[in-house]
Amino acid sequence: MDVMSDSSDDDDNVGKEQKMAVLQRIFKDYGDTLQNSPKSDQLSDQYIQERIQQHSLTCLICISSVKRENKIWTCCSCFDTFHLTCIQQWVRDGIVSRGVLSDDLFPDRDIPWNCPKCRFAFDRKNVPFKYLCFCGKQENPISDPWLAPHSCGQKCERMLRPNCGHRCMLLCHPGPCPPCPKMVMTSCFCERTKNAAKRCGSALWSCGGKCGKKLKCGKHSCNKSCHEGPCPMCPRTLPKSCVCGKHEAEKACGVFDWQCEEECGKKLPCGIHKCAKICHRGSCGECPKSGLRTCPCGASQKVNLPCSEDVPTCNDTCGRSLGCSKGHKCSRRCHYGSCNQCVSLVVKKCRCGKRQKELPCSKLFTCNIKCQKFRDCGIHQCKRVCCNGECPSCDQVCRKTLPCKQHKCQLMCHRGRCFPCNLESALSCNCGSATLLVPCGKEKTSKPPRCNKLCAAMSSCHHPKRQPHKCHFGKCPPCTQICNLALDCGHQCKEKCHDEVLVEAKVKAAGPWELSRKPNFIVQSQPCPPCRHGVSVKCFGVHEEATLPCSQAKSYSCGRPCNQTLGCEIHKCEKQCHVADNTEHPNLDVTPCMDCDKPCLKPRPDGCPHECSSGCHAGPCKRCKKPLRVQCHCGIMELKFLCCDFTSAVSKEVMLSCGNQCQKPLQCGHPCGKPCHKGKCVEECHKKVIVRCKCKRKKKEFSCPEARDEPSIPCDEICEEKLLQKEDEKRMKLEKQKLQEDEASKRELLRFERSLEKSSKSRRKRVDNSEVSEDTNWLAKLKKWGKLFPVMFFVVIAIAFVWNLMSL
């Protein structure tokens, strides 16, 4: 555990160093301005640090990590990152689900789509198709371990927010750009403190003192601290009367005119009627019944009557429009007041248009048929009675399970995919001191937070304490301490702790119909293994001493030969190592050594090739009486003796002489001729040798030594004449052969000419009898001469061969 923890700490240190180097590159043009800025300005620094960490980015659409090699898209509103393929599928699904009209009929319509996290609306033209870096300068940026992931490494140069006219000086980075760091001279909101040096991003600042500006009431001043924007209304209250002066109430100081809800009630200039207007300021105006007036239907002429008298009704029909859809008019006599509802009978259709009925024009006709169309969600039916086709949007909650598999969609029922879950889950270590917020649904795949405290869990084995290890997520690792329990042999168990061992639980199936189950593992306490403490043990024959585990400590056979001296006192036992004496091993059975069955190996007398007829024995061997055959000195004869007589003889050279002449060849090739003797023969040859001339006509005798000095005899004139006769005979034979060959070649030529004449006669007859064109005759000739071509070729070769022979 200690080794594992040290290695993980080293990895963390390497990651921190690389992360700090990347941050220094990104913020190299800003210097220490961000570090000395207020907390609100350090959000960009914190955002970039979180994005540089490994496995910190999560695509909310597929709930999986965003790696360096993945193509991404970043929202310009919430700056969250998604896989490029995921966001393209998201946009496709959203546009298809919301598109009711056909793209062929309405190609110019714009269907917006929303960011999965912040719901920011984008135009359809802004569908992402390219993988760009964060600043948007480079397409398909190359991954560099010393740059921020998905960054091009160039300056960002995006316009800063709020728009001050300057651009971002950081290297291409994720998240929002920090406020403008340039210094400008500005005053505070209340303009009391002037010409203070502030950063351009926070040029509008508050001095912290009272505002002091006059409020709209013109009497009091603003008591708030220096703030941005207009001052609020005066918070003080005063008793104020309404516009008509009838009522009085406590109102804010900044409120100048307020109206009550009663009618004015003042008498009009006519002195008879009262003003019916609500509380108002100024004069009430003239009486509405004064001046020229007409009857209620407007048919009679204008009459000038006092306001106390009403204009009499005329006898004509009212004729005012009743406001119905058919344009009917009032059929009553001229009257005061409103006209009644239209009572004309009209055949009306219901709103859905499926039924019709004769009803008064003023009444609305609705049938009882429920709408069977689906609402905009495409799941639930309208079910509204007599629907006019404009079905309302679905008012039920979606309740679909989100990709996090934990929560359900709380939006109204809709088409397409639900928005990802925006909630976050907290992962904590075992002790709860370190927590980490991860997107909902990423709890199982996310790494738990690192905690530098030691784990305080109690030991679950026979050891009093666990090995010291850092706090972790989940169960503690199995104990790796040495067991140290006493065994039956008296030694201590030196294996790792085996109180909690993961063992596969074997469950028998009830029958062949039962499906195969996955292996089920359970934690069990295992007994101590056999003792492995080393003990020295000797073999049966005490040839070697080995160190064996205590559980296997017993005498053994080393596999070597026994090597104990046998009864012959010459050889040793060749059996495998065995118990020959039970003094050291009283509990084992004794195995006797082998009986010697080898032949006698004692040295034989000089010249005796036979072995001892007795087996291996002690003492001298018996005399050998086997027959012995030995060749004589010259090698002509085999001599027979008794082996004991020959080996015991004093002069063996005399016994080996056969008495015949020695037949060994001398240097000249003649045999020696002396009696059979030992050693080399003496070179004294006296034999006669016949020597001849080259033609072998003359001959002469010499002794063997003289023949060596004169090896040949010169020829005379008779020898030369005989040689010339032989040459003439050879020439005559050759001339006869040439004449015979010439006669044979002439015969063959005659035969060939006769065959040619026969073929020409037959060809002429065929030409006279046939009616074939000149072209076909020419082809026939070619075929015939083609058949004769091999024969002519052979004849030419024969003639050339004969010509060469004659020229020789």
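Me: Why is K117 called partly exposed?
Reply: In this predicted model, K117 has a relative accessible area of 36%. Buried would need under 20% and exposed over 50%, so K117 falls in between and counts as partly exposed.

Me: And what makes K117 and D80 a salt bridge?
Reply: Their side chains meet with N and O 3.7 Å apart. The cut-off is within 4 Å, for a Lys or Arg nitrogen and an Asp or Glu carboxyl oxygen, so this pair qualifies. The two residues sit 37 places apart in the chain, K117 in the loop between β5 and β6, D80 in the loop between β3 and β4.

Me: Is D80 buried or exposed, and how do you know that?
Reply: D80 has a relative accessible area of 6%. Buried means under 20%, so D80 is buried.

Me: What makes K137 and E157 a salt bridge?
Reply: Their closest N and O atoms are 3.1 Å apart. That is within the 4 Å limit, so the pair counts.

Me: Why is K267 called exposed?
Reply: K267 comes out at 59% relative accessible area. Exposed means over 50%, so the label fits. K267 lies in the loop between β10 and β11, and it helps form a positive surface patch with K246, K266 and K274.

Me: Why is C314 called buried?
Reply: Its relative accessible area is 16%, and the limit for buried is under 20%, so C314 makes the cut. Leaving aside neighbours within four places in sequence, C314 is in contact with C295, C297, A299 and C334.

Methods
Residues numbered from 1 in each chain as written. Predicted model: local features only at pLDDT ≥ 70, side-chain atom pairs only at ≥ 80, totals over all residues. Heavy atoms only, no water. Buried < 20%, exposed > 50% of the residue type's maximum accessible area, 1.4 Å probe, protein only. Contact = heavy atoms within 4.5 Å. Patch = residues over 30% accessible without salt bridge, like charges linked within 9 Å, V, L, I, M, F, W, Y side chains within 5 Å. Areas by Shrake-Rupley, 256 points an atom, 1.4 Å probe, with all protein chains shown as cover. Lys, Arg positive; Asp, Glu negative; His and termini not counted. Charge placed at Lys NZ, Arg CZ, Asp CG, Glu CD. Helix = DSSP H or I, 4+ residues; strand = E, 2+ residues; numbered from the N terminus.
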